[in-house]
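Please look through the sequence and the model before reading on, and keep both at hand while the text moves from the whole chain to single residues.

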Amino acid sequence: MIEASILTNIFVYLVLTILTFVNIIIPISGSAVVTPFLALLADPHRAIALASFYFMLGGMIRVLIFRKEIQFNHVKALLPISLITAAIGALSLLPINPEILLWIIFLFTAYFLYKAIKQHFKSEKISSVNRLTVAAVGLLSGFLQGTGLSGSDLRNNYLYSQKLSLVQVHGTTALIGAANFLTATIIRLLTSQTTVADLTPLIYVLPFMVFATWLGRHTLYRIDRKYADWIIILVMAAITFFLILKILKI
């Protein structure tokens, strides 16, 4: 008879594979979906470390598969400060009031949603964003990913507002995110927040993640650009809506 723990692991691996594919087509908040599933493999505290490792693996795969779509000008603008704050987030040295942080994220998200809608319907040229805003996006997204929370949503919404396509966002944000999660994972290993033995089970799902990402990429290329733009706007709107619900504590 197969042990329950083995069945649980198989179930989690299957879910992670499906989520990897779905997330390519319709980008969703990884920490809101993946982390709860990984809690089946470990206690909640270690689930965050597992999630960081999983997102790092997923990011590296996307970097490889979407390498030709990476927009290095945005990587150069966002990555340096993201790495610094990701390290701080992993060390948990910077206490921030959760409600204030939530409001900051909401305001940025709503602003980028407005820009995306305005550019879509009026076919406006891409408007420049001041360096302070870019730095804030890099700082917050890096810190959130370092703590194991969702920072990619904020960064992606900024990239969408700059008229990047889904595949360009996947490649660009994957490189930044993978670097952030690699930094966070190394720090958690060095500070004994997790161990190599804790992370090893996720290595087994790696081949399935590669296949799911490859399949998602080929599926995405078959979607007409105008529909892809609508997917982007709907995802941004959904994130904004759920942030409002969270702020109102509904």
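The paragraphs below begin with the chain as a whole and then turn to particular helices, loops and residues.

This is a predicted model, in which local features need pLDDT of at least 70 and side-chain atom pairs count only at pLDDT 80 or more, while totals for chains, interfaces and linings use all residues. Residues are numbered from 1 along each chain as its sequence is written, and side-chain values use heavy atoms, with hydrogens and water left out.

The chain holds 11 helices and 0 strands, where helices (H or I, at least four residues) and strands (E, at least two) are DSSP runs numbered from the N terminus. Read along the sequence, the pattern is therefore α-α-α-α-α-α-α-α-α-α-α. Of the 250 residues in the chain, 50% are buried, a word that here means under 20% relative accessible area, with exposed meaning over 50% and partly exposed lying in between (1.4 Å probe, protein chains only). The chain exposes about 12,800 Å², and carbon and sulfur atoms supply 71% of that area; accessible areas come from the Shrake-Rupley method with a 1.4 Å probe, and for residues only the protein chains shown count as cover. Among contacts in the chain with a separation of 6 or more, 82% are accounted for by residues 24 or more positions apart, a contact being defined by heavy atoms within 4.5 Å.

A good place to see such contacts is T20, which lies in helix α1 (residues 4-25). T20 counts as buried because its relative accessibility is 6%. Leaving aside residues up to four places away in sequence, T20 touches Y54, R62, M209, A212 and T213. With Y54, the side chain of T20 also forms a polar contact of 2.9 Å, a term that denotes a pair of N or O atoms within 3.5 Å; within protein, one must be able to donate a hydrogen and the other to accept it, and residues adjacent in sequence count only if both atoms are side-chain atoms. The C-alpha atoms of T20 and L215 are separated by 9.9 Å, although these residues are 195 residues apart along the chain.

The partner in that polar contact, Y54, is found in helix α3 (residues 44-65). Y54 has a relative accessible area of 6% and so is buried. Its C-alpha atom is separated by 8.9 Å from that of L206, a residue 152 residues apart from Y54 along the chain.

The next stop is a pair of helices. Helix α7 (residues 152-161) and helix α8 (residues 166-190) pack at an angle of about 145°, with their axes 10 Å apart; axes are lines fitted to C-alpha atoms, for helices over the stretch in contact, and angles run from 0 to 180 degrees between N-to-C directions. On the α7 side the contact is made by S152, R155, N156, L159 and Y160, and on the α8 side by L166, V169, T172, T173, I176, G177 and N180. These residues divide into 5 nonpolar, 6 polar and 1 charged, with Ala, Val, Leu, Ile, Met, Phe, Trp, Tyr, Cys and Pro counted as nonpolar, Asp, Glu, Lys and Arg as charged, and the others, Gly among them, as polar. An α-helix has 3.6 residues a turn, so residues three or four places apart point the same way.

Helix α7 is mostly covered, for 10 of its 10 residues are buried. In the loop between α7 and α8 lies K163, whose phi is near 65°, a positive value in a residue other than glycine. K163 counts as partly exposed because its relative accessibility is 27%.

How do residues of the loop that follows α8 compare with this picture? S192 lies in the loop between α8 and α9 and has a positive phi of about 60° although it is not a glycine. S192 counts as exposed because its relative accessibility is 59%. T194 also has its place in the loop between α8 and α9 (196-199). T194 is buried, because its relative accessible area is 3%. The side chains of T194 and D198 are joined by a polar contact of 3.4 Å, and T194 touches R46, A49, R188, L189 and L199, not counting residues up to four places away in sequence.

The last residue to locate is L234, found in helix α11 (residues 225-248). L234 counts as exposed because its relative accessibility is 56%. L234 and I117 are 117 residues apart in sequence and 10.0 Å apart in space, C-alpha to C-alpha.
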